[in-house]
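Visitor: I have a new model open on my screen and I'd like to learn how to read it. Could you walk me through it?

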Amino acid sequence: MRVAIAVHHVRPTGGQDRYVLELARHLAGTVELELIVMRAEGVPAGISVRLVRPRAGPMLLRAEVFARAAARRVSAGRYDVVHTVGGALPGAGVVTAQFCHPAWAAVRPPASPYQRLVTWQATRDERRAYRHRNLRAVIAVSQRTGREIAAHYGPLSVPLSVIPNGVDLEAFAPASGREPGRRPTLLFVGAYERKGLDVAIRALARLRHDALLRAVGEGARGRFARLAAQLGVGDRVRLEPPKDDIAAVFREADVFVFPTRYEPFGMVIAEAMASGLPVVTSAAAGAADLISD
């Protein structure tokens with residue numbers, strides 16, 4: 001069987017990117033697999049990668065170029081199954097819903113003209129993907145996401161299945177022991193703004209405890225550092241860039257804190273649980289379905 005997975009990029013950081021990377025790793029050797037991507041990092045040896053390299057420019061232009069180039073490759077490749085994520089490749093037979101742009105826009109309306117244009121394009125591409133004549137199946141990563149896809153793009157003409165993102169239990173496992181004398185560490189992983197780092201910092205300031213908050217992700221570090229300083233916890237907040245070995249980061253923490261504003265699933269929630277950490281998150285996370293309060 002020949003299978004193509006067409007997405008913008010795969011890499012060890014970021015839940016959606018790791019999802020595709022793990023899917024490819026587990027399919028390798030069982031099917032003839034090709035990844036069609038703009039960028040690939042951490043792909044295991046033996047997996048065919050077809051790079052589509054649009055010229056530098058805004059993501060909305062590169063996404064359009066990628067979709068057209070990937071469609072040409074798929075037409076010439078004679079694949080048995082073509083899989084994509086969201087609206088990356090309208091016309092794929094299987095679409096995994098890892099996000100729903102109109103649902104996110106309802107939570108946080110785009111502020112700038114460019115953001116409004118990006119949201120419009122992403123919504124248009126998702127609508128094309130979920131209504132395309134080639135579509136055979138839709139996979140939602142949570143019950144919440146399934147409801148959002150049905151509400152914004154339904155009724156669908158194909159089955160919709162809910163399959164939560166999996167976790168590599170060999171990589172993500174509880175630490176063997178806690179370093180004596182170490183200050184308790186609260187861990188936050190993800191995009192600072194959408195995942196609610198400001199909420200975590202404000203909560204830290206209200207704790208009657210000297211715990212550290214380690215924030216690993218991307219965002220306006222200067223703004224969040226100033227917020228922490230204003231609240232008197234500047235020396236207890238560490239802002240760090242994304243890490244390739246995120247499993248090691250989980251093993252160094254005591255509690256996972258994730259007050260996300262919008263999250264179709266939240267792979268880091270499942271990874272934190274697999275790492276033996278108690279999880280504090282919001283009901284906006286799809287993976288909150290896995291947690292018993």
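Guide: Happy to; keep in mind that this is a predicted model. Let's start with a charged pair: Lys195 and Glu263 form a salt bridge through their side chains, 2.7 Å from N to O. The two come from distant parts of the chain, 68 residues apart: Lys195 belongs to the loop between β10 and α6 (197-206), and Glu263 to the loop between β13 and α9 (267-274).

Visitor: Are Lys195 and Glu263 buried or exposed?

Guide: Both Lys195 and Glu263 are buried.

Visitor: What is the general idea behind such pairs?

Guide: Side chains of opposite charge can pair when their charged atoms come close. In this model, the count comes to 22 salt bridges. Another one joins Asp254 to Arg182, with their closest N and O atoms 3.2 Å apart. Here too, distant parts of the chain are linked: Asp254 sits in the loop between α8 (246-251) and β13 (255-258), Arg182 in the loop between β9 (160-162) and β10 (185-189), and 72 residues separate them. Arg182 counts as partly exposed, because its relative accessibility is 22%.

Visitor: Which residues are linked in a network of salt bridges?

Guide: Glu64, Arg68, Arg124, Asp125 and Arg128. Within it, the side chains of Glu64 and Arg124 meet at 2.7 Å, N to O. That pair ties helix α2 (Glu64) to helix α4 (Arg124) across 60 residues. Glu64 has 21% relative accessibility, so it counts as partly exposed, while Arg124, at 17%, counts as buried. The cut-off for buried is under 20%, so the two fall on opposite sides of it.

Visitor: How do I read a helix like α2?

Guide: Start with the repeat. An α-helix has 3.6 residues a turn, so residues three or four places apart point the same way. In α2, the buried residues include Leu60, Ala63, Phe66, Ala67, Ala70 and Val74. The buried residues of α2 pack against β1 (2-6), β3 (32-37), β6 (81-85) and α4 (113-131).

Visitor: Why does the end-to-end distance of α2 agree with its number of residues?

Guide: Helix α2 covers residues 59-77, which is 19 residues; at 1.5 Å a residue they should span 27 Å, and the end C-alpha atoms are 26 Å apart, so the two agree. Right after α2 comes Arg78, with a positive phi near 55 degrees.

Visitor: Next, the sheet. What is the order of its strands?

Guide: Read across the open sheet of seven strands and you get β5-β3-β1-β6-β7-β8-β9, with parallel pairing. β5 (48-51) and β9 are the edge strands, each pairing on one side only. Ignoring direction, neighbouring strands are turned by 20 degrees against each other on average. For a pairing to look at, take β1 and β6, which are parallel over four bridges; Ala4 stands opposite Val82 in β6. You can also find helix α5 (residues 143-153) lying across β7 (94-97), β8 (137-140) and β9, at about 160 degrees to β9.

Visitor: And how do I describe two helices that pack together?

Guide: Two packed helices are described by the angle between their axes and the distance between the axes. For helix α1 (residues 15-27) and α9, the angle is about 70 degrees and the axes are 9 Å apart. That angle makes α1 roughly perpendicular to α9.

Visitor: Which residues of α1 and α9 meet?

Guide: Look for Gly15, Arg18 and Tyr19 in α1, which meet Met267, Val268 and Glu271 in α9.

Note on methods. Residues numbered from 1 in each chain as written. Predicted model: local features only at pLDDT ≥ 70, side-chain atom pairs only at ≥ 80, totals over all residues. Heavy atoms only, no water. Expected span 1.5 Å × (residues − 1). Buried < 20%, exposed > 50% of the residue type's maximum accessible area, 1.4 Å probe, protein only. Contact = heavy atoms within 4.5 Å. Salt bridge = Lys/Arg side-chain N within 4 Å of Asp/Glu carboxyl O. Pairing = 2+ DSSP bridges. Axes fitted to C-alpha atoms, helices over the stretch in contact; angles between N-to-C directions. Parallel < 35°, antiparallel > 145°, perpendicular 65-115°, else oblique.
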